[in-house]
Amino acid sequence: MYDIIIIGAGTAGLSAAIYAVRAGKSVLVLEKNVYGGQIISAPEVENYPGIRKISGYEFAENLYLQAAGLGAELKYEKAVRILNGEKEKKIMTNRSEYQCRSIILSTGAKNRHLGLEREEELTGAGISYCATCDGAFYRGKDVAVAGGGNTALEDAGFLSGYCRTVWIIHRRDTFRGEERLLQALKKKENVRYILDSQVICLNGERRLESITVKNVKTMQEQELLISGLFVAIGQEPDNRDFENLVGLDKAGYIQAGEDCRTCTPGIFTAGDCRAKAVRQLATAAADGAVAALAACAYLE
């Protein structure tokens, strides 16, 4: 019987584990893949307070070693079902089952990919899914943003302050993002638009050197010489296994406020899987701390 079981070993989950074990609770962290979450693939992190520069892998490893050193237990198993009892809860995984008194869901979210050949290989070597994380690395260079929603427009606006030229590639002739964002973007002299088009090929050996763009109406293709491609076509949370216990919004994110409490007593949430406006390392760590302390208060 654990005091708290945390599902997901990303920044939020491991931060929650640190706070929970320091509060004297027994903690098990369940992770289906590897600890660290999305940040593990980032070549450099420069926007986490107190750390000037660190690789995503080293950041994740330090976080894991800190949690494990304090006494948190980590098992590589996928949680597939939760049984919510009045006094205790049971989690079934693909290998076993565990009992606990409270749960923190920190399943994270994955960036939706373009689905192109070599996309994974070039991630961190010219392809990014976070403009605020990696934009500064492309200062003075030509980049492109794939997408047409709010995130794509916001990313393009952010990148325009660093990059020489920012191309926005969108498969439709109109944007899905807010009009105010589009109008603000049109005032940027270094932003260019390629509409009715999509990226069909990633070119370059060790790093991205150019992309091939195809017009979906004329079928004409063009090569765009760029140093970076920022993919902003949405994220995909992984919460469906728990939708019978927690409320999900239309996009599949867990509905919870800044207190990280779900609609089910004893079940909390933290990190990118939660419905919220900002998804960064700092906010994930903050969620982990809040959720852990809320779980401790619940247990007491």
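**Exercise 1.** In this predicted model, place Arg118 in the loop between β7 (109–111) and α3 (119–122), then state what is notable about its phi and decide whether its side of the chain counts as buried, partly exposed or exposed.

*Solution.* Begin with the backbone: phi of Arg118 is near 70 degrees, which is a positive value in a residue other than glycine. Turn next to accessibility, where the relative accessible area of Arg118 is 24%. Buried requires a value under 20% and exposed a value over 50%, so Arg118 is partly exposed.

**Exercise 2.** Locate Asp196, give its phi, and decide whether it is buried or exposed.

*Solution.* Asp196 is found in the loop that runs between β11 (191–194) and β12 (197–203). Its phi is near 55 degrees, and this too is a positive value in a residue other than glycine. Because the relative accessibility of Asp196 is 14% and buried means under 20%, Asp196 counts as buried.

**Exercise 3.** Describe the largest cavity by its volume, its lining residues and the elements that supply them.

*Solution.* The structure holds 1 cavity of 30 Å³ or more, and the volume of the largest cavity is about 30 Å³. Its lining is made up of Leu14, Val29, Tyr64, Ala67, Ala68, Ala72, Glu73 and Leu74. The elements that give two or more residues to this lining are α2 (56–70) and β3 (73–75), and α2 gives the most, with 3 residues. Sorted by character, the lining residues divide into 7 nonpolar, no polar and 1 charged; since Glu counts as charged, the charged residue is Glu73.

Terms used
Residues numbered from 1 in each chain as written. Predicted model: local features only at pLDDT ≥ 70, side-chain atom pairs only at ≥ 80, totals over all residues. Heavy atoms only, no water. 1 Å grid on protein atoms, 1.4 Å probe; cavity = no way out; pocket = protein on both sides within 12 Å on 5 of 7 lines; lining within 4 Å. Points joined across faces, edges and corners; volume = space filled by probe spheres on them. Helix = DSSP H or I, 4+ residues; strand = E, 2+ residues; numbered from the N terminus. Buried < 20%, exposed > 50% of the residue type's maximum accessible area, 1.4 Å probe, protein only.
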